[in-house]
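The following exercises ask the reader to examine a protein model step by step. Each task is followed by a worked solution.

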Amino acid sequence: MSLETISENRSFGGTQGVYRHKSQATGTDMTFAVFLPEEAQHGRVPVLWYLSGLTCTHENAMTKAGAQEWAAEAGMALIFPDTSPRGEGVANDDAYDLGQGAGFYVNATQDPWKPHFQMWHYIVHELPELVGDNFAIDRDAMGITGHSMGGHGALTIAMTHPDRYRSVSAFAPIANPTESDWGRKQLSAYLGDDRSAWQAHDSTLLMRDRGYPGEVLIDQGSNDQFLDLLKPESLAQAMMARRQPGQFRMQPGYDHSYFFVQTFMADHILWHAERLG
């Protein structure tokens with residue numbers, strides 16, 4: 001697959017780039033960002049995937065999360081994908097939480113979403129192959145994290161493919177979408193009304209069913225304005241019931257914003273660095 005360079009900038013001794021390619025999974029042009037630390041000039045480096053939340057593109061976390069400094073210190077690459085297919089002819093909805101900018105990291109089986117909204121395949125299979133072929137990343141040392149809808153994606157993907165992702169964390173994930181208005185609406189639209197098809201995309205249900213073979217790190221702000229939609233207590237209870245190794249940290253006074261993400265980004269990157277070697 002051909003790769004178009006949109007921009008490349010020096011950042012903390014490394015390079016922050018933005019790229020575009022034609023995706024076979026989504027049938028559209030897709031844009032993503034890659035941060036490479038200085039060590040990537042001399043060999044392959046561990047990589048952390050960051051999945052963003054509702055309404056975001058590749059750019060939000062790239063510019064707001066404050067991740068590059070800590071990734072450079074850890075000698076780790078960062079990948080910031082988009083959250084959905086976009087463009088003319090791609091299905092959309094007037095609401096911010098469905099359609100473009102709200103792919104929910106699933107493979108849609110229902111029209112009008114099915115032709116383009118294949119974000120699970122794009123994130124898990126297509127984009128890692130493209131990045132691995134074009135950048136100095138170690139595909140045997142991959143971790144995954146994300147915020148809100150992206151935290152949902154990170155947790156469900158890691159629990160489904162623990163062989164691919166040696167570390168996982170999340171910031172304020174949508175933790176129990178099958179029981180939330182941030183989930184039931186989207187999962188029914190993308191996957192249909194058979195709730196059994198939703199279970200593979202609910203981190204609380206996956207935690208109860210299989211858990212994750214390593215440790216899990218989750219940060220959640222106590223003043224998050226979306227707590228009733230995120231349902232962190234469901235995931236925390238599932239972790240306790242399973243005795244899942246890791247940490248679920250309720251951070252006092254923090255909301256759902258990137259100020260919250262910035263504050264704990266260093267913790268998460270160092271967490272992944274320790275586990276990815």
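## Exercise 1: A residue in a helix

Leucine 187 has a relative accessibility of 0% and therefore counts as buried. The model is a predicted one.

**Task.** Determine in which helix leucine 187 is found and which residues it touches, leaving out those up to four places away in sequence.

**Solution.**
1. Leucine 187 belongs to helix H5, which covers residues 181–191.
2. Not counting residues up to four places away in sequence, leucine 187 touches Val106, Pro177, Thr178, Gly192, Trp198 and His201.
3. Glutamate 39 lies elsewhere: its C-alpha is 41 Å from that of leucine 187, and the two residues are 148 apart in sequence.

## Exercise 2: Pairing of strands

**Task.** State how many bridges join E1 to E2, E2 to E3, and E3 to E5, and say whether the strands run parallel or antiparallel.

**Solution.**
1. Strand E1 (residues 3–11) is joined to E2 by 8 bridges, and the two run antiparallel. Within this pair, arginine 10 has threonine 15 of E2 as its bridge partner.
2. Strand E2 (residues 14–22) is joined to E3 by 8 bridges, again in an antiparallel arrangement. Here tyrosine 19 has phenylalanine 32 of E3 as its bridge partner.
3. E3 is joined to strand E5 (residues 77–80) by 3 bridges, and these strands run antiparallel. Phenylalanine 35 stands opposite leucine 78 in E5.
4. Consider next the surroundings of E3. Of the 8 residues of strand E3 (residues 29–36), 7 are buried, so the strand is largely enclosed by the rest of the structure.

## Exercise 3: Unusual backbone angles

**Task.** Which residue that is not a glycine has a positive phi of about 50°, and which has one of about 55°?

**Solution.**
1. Begin with the general expectation: most residues other than glycine have a negative phi, and most peptide bonds are trans.
2. Phenylalanine 12 departs from this pattern with a positive phi of about 50°. Phenylalanine 12 lies in the loop between E1 and E2, a hairpin with 2 residues between the strands. With a relative accessible area of 51%, phenylalanine 12 is exposed, since the cut-off for exposed is over 50%.
3. Tyrosine 105 has a positive phi of about 55° and lies in the loop between E5 and H3. Tyrosine 105 counts as buried because its relative accessibility is 0%.
4. Glycine 27, in the hairpin of E2 and E3, takes a positive phi near 70°. That hairpin has 6 residues between the strands.
5. For the peptide bonds, consider the one from aspartate 111 to proline 112: it is cis, with omega near 5°. Proline 112 is placed in the loop between E5 and helix H3 (119–134).

## Exercise 4: Two helices

**Task.** For H4 and H9, set the distance between the end C-alpha atoms against the span expected at 1.5 Å a residue.

**Solution.**
1. H4 (residues 149–160) has 12 residues and should span 16 Å; its end C-alpha atoms are 17 Å apart, which agrees.
2. Of the 12 residues of H4, 11 are buried, so this helix is largely enclosed by the rest of the structure. Among them are His152, Leu155 and Ile157.
3. H9 (residues 258–276) has 19 residues and reaches 25 Å, close to the expected 27 Å.
4. H9 nevertheless contains a kink of about 50°, centred on phenylalanine 264. Phe264 is one of the buried residues of H9, which also include Tyr258 and Trp271.
5. At the N-terminal end of H9, serine 257 acts as a cap, with a side-chain oxygen 3.2 Å from the backbone nitrogen of phenylalanine 259. After H9 comes glycine 277, with a positive phi near 70°.

## Exercise 5: Contacts in the interior

**Task.** Which residues have the most contacts inside the largest nonpolar core, and is serine 203 buried or exposed?

**Solution.**
1. The largest nonpolar core has 89 residues, and those with the most contacts inside it are Phe32, Trp49, Ile144 and Tyr190.
2. Leaving out residues up to four places away in sequence, tryptophan 49 touches ten-residue company that includes Ile79, Leu127, Ile144 and Tyr165.
3. Serine 203, in helix H6 (residues 203–209), counts as buried because its relative accessibility is 0%. The residues that serine 203 touches include Leu155 and Met159.

How values were computed. Residues numbered from 1 in each chain as written. Predicted model: local features only at pLDDT ≥ 70, side-chain atom pairs only at ≥ 80, totals over all residues. Heavy atoms only, no water. Buried < 20%, exposed > 50% of the residue type's maximum accessible area, 1.4 Å probe, protein only. Pairing = 2+ DSSP bridges. Contact = heavy atoms within 4.5 Å. Expected span 1.5 Å × (residues − 1). Bend = angle between axes of the 7 residues up to and from the residue. Polar contact = N/O pair within 3.5 Å; in protein donor to acceptor, adjacent residues only side chain to side chain. Core = buried A, V, L, I, M, F, W, Y, C linked by side-chain atoms within 4.5 Å.
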